[in-house]
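Here's a quick briefing to read with the model open beside you. Take it topic by topic and find each residue as you go.

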Amino acid sequence: MTDIKELLLSRIRDVEDYPEQGVVFKDITPLLADPAAFTALTDALAEIAQRTDATRIVGLEARGFILGAPVAVRAGLGFVPVRKAGKLPGATLRQAYDLEYGSAEIEVHAEDLTANDRVLVVDDVLATGGTAEAALQLVRRAGARVAGVAVLMELGFLGGRARLAPALDGAPLKALLRI
């Protein structure tokens, strides 16, 4: 696992003062542009999906789509997007959540998850945990069970793991990198 961590870290670029002064943005586009690194990431997340006995991958808009879709294909599972409110046609379930400055809403198609599903939520970064927590609430409201959450990197200093613990209800939270 150390080799993959080194590979992934070497392909994540720090961008100072983005999106605002004092923030160091973790840019994963160099990782996505490197086929070997992207494949290693996909394989590692697909292995997590298999270990959790997931039947579906939920990817969170937008980078969770980029990571989650190939993970689903690699693991032989279905992929379900969770989008910002108003972006999905047809019947949806909507969940509001708080941001640092304001609030937001996400949606999933109501029929895309069933009581037979065990869902692994995939995203690039776990920061404060608000979006992931809302996604777990949507998964349960759709009648599915939570298999866990898997992310490329966890920004531990923002406390997302502690915030997610009650919503995970014992399901695992796996971060390939902890920063």
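**A look inside the fold**

Leu152 has 0% relative accessibility, so it counts as buried (under 20% relative accessible area with a 1.4 Å probe, protein chains only; exposed is over 50%, and partly exposed is in between). Bear in mind that this is a predicted model, where local features need pLDDT of at least 70, side-chain atom pairs count only at pLDDT 80 or more, and totals for chains, interfaces and linings use all residues. Numbering starts from 1 along each chain as its sequence is written, and side-chain values use heavy atoms, with hydrogens and water left out.

**Two buried residues to start from**

- Leu152 sits in strand β8; helices (H or I, at least four residues) and strands (E, at least two) are DSSP runs, numbered from the N terminus.
- Leaving aside neighbours within four places in sequence, the contacts of Leu152 (heavy atoms within 4.5 Å) include Leu8, Ile12, Ile28, Leu41, Leu67, Asp123 and Leu177.
- Lys174 is 22 residues from Leu152 along the chain, and their C-alpha atoms are separated by 8.5 Å.
- Ile12 is in the loop between α1 (2-10) and β1 (13-16), and is buried with a relative accessible area of 12%.
- Not counting residues up to four places away in sequence, Ile12 touches Lys26, Asp27, Ile28, Leu31, Leu152, Met153 and Leu177.

**Nonpolar cores**

- The largest nonpolar core (buried Ala, Val, Leu, Ile, Met, Phe, Trp, Tyr and Cys residues joined through side-chain atoms within 4.5 Å) has 28 residues, and Val58, Leu113, Val121, Leu136, Val139 and Leu168 touch the most other members.
- At least two residues of this core come from each of β3 (56-60), β4 (78-84), β5 (92-99), β6 (102-109), β7 (118-126), α5, β8 (145-154) and α6.
- The biggest share is from α5, with six residues.
- There's a second, separate core of 27 residues, with Ile57, Leu67, Ala150 and Leu177 among them.
- As background, nonpolar side chains tend to be buried together in soluble globular proteins.

**Helix packing**

- α5 (residues 130-141) and α6 (residues 160-168) pack at about 5 degrees with axes 9 Å apart; axes are lines fitted to C-alpha atoms, for helices over the stretch in contact, and angles run from 0 to 180 degrees between N-to-C directions.
- That makes α5 and α6 roughly parallel (under 35 degrees; over 145 is roughly antiparallel, 65 to 115 roughly perpendicular and the rest oblique).
- On the α5 side, Gly130, Ala132, Glu133, Leu136 and Arg140 make the contact, meeting Arg163, Leu164, Ala167 and Leu168 of α6.
- α3 (residues 35-51) packs against α4 (residues 63-75) at about 65 degrees, and their axes are 8 Å apart.

**Backbone oddities**

- Most residues other than glycine have a negative phi, and most peptide bonds are trans.
- Tyr18 and Pro19 are joined by a cis peptide bond, with omega about 5 degrees.
- Another cis bond joins Glu61 and Ala62, with omega about -5 degrees; Ala62 is in the loop between β3 and α4.
- Asp17 has a positive phi near 60 degrees, lies in the loop between β1 and β2, and is partly exposed at 37% relative accessibility.
- Asp169 also has a positive phi, near 50 degrees; Asp169 is in the loop between α6 and β9 (173-178) and counts as exposed at 61% relative accessibility.
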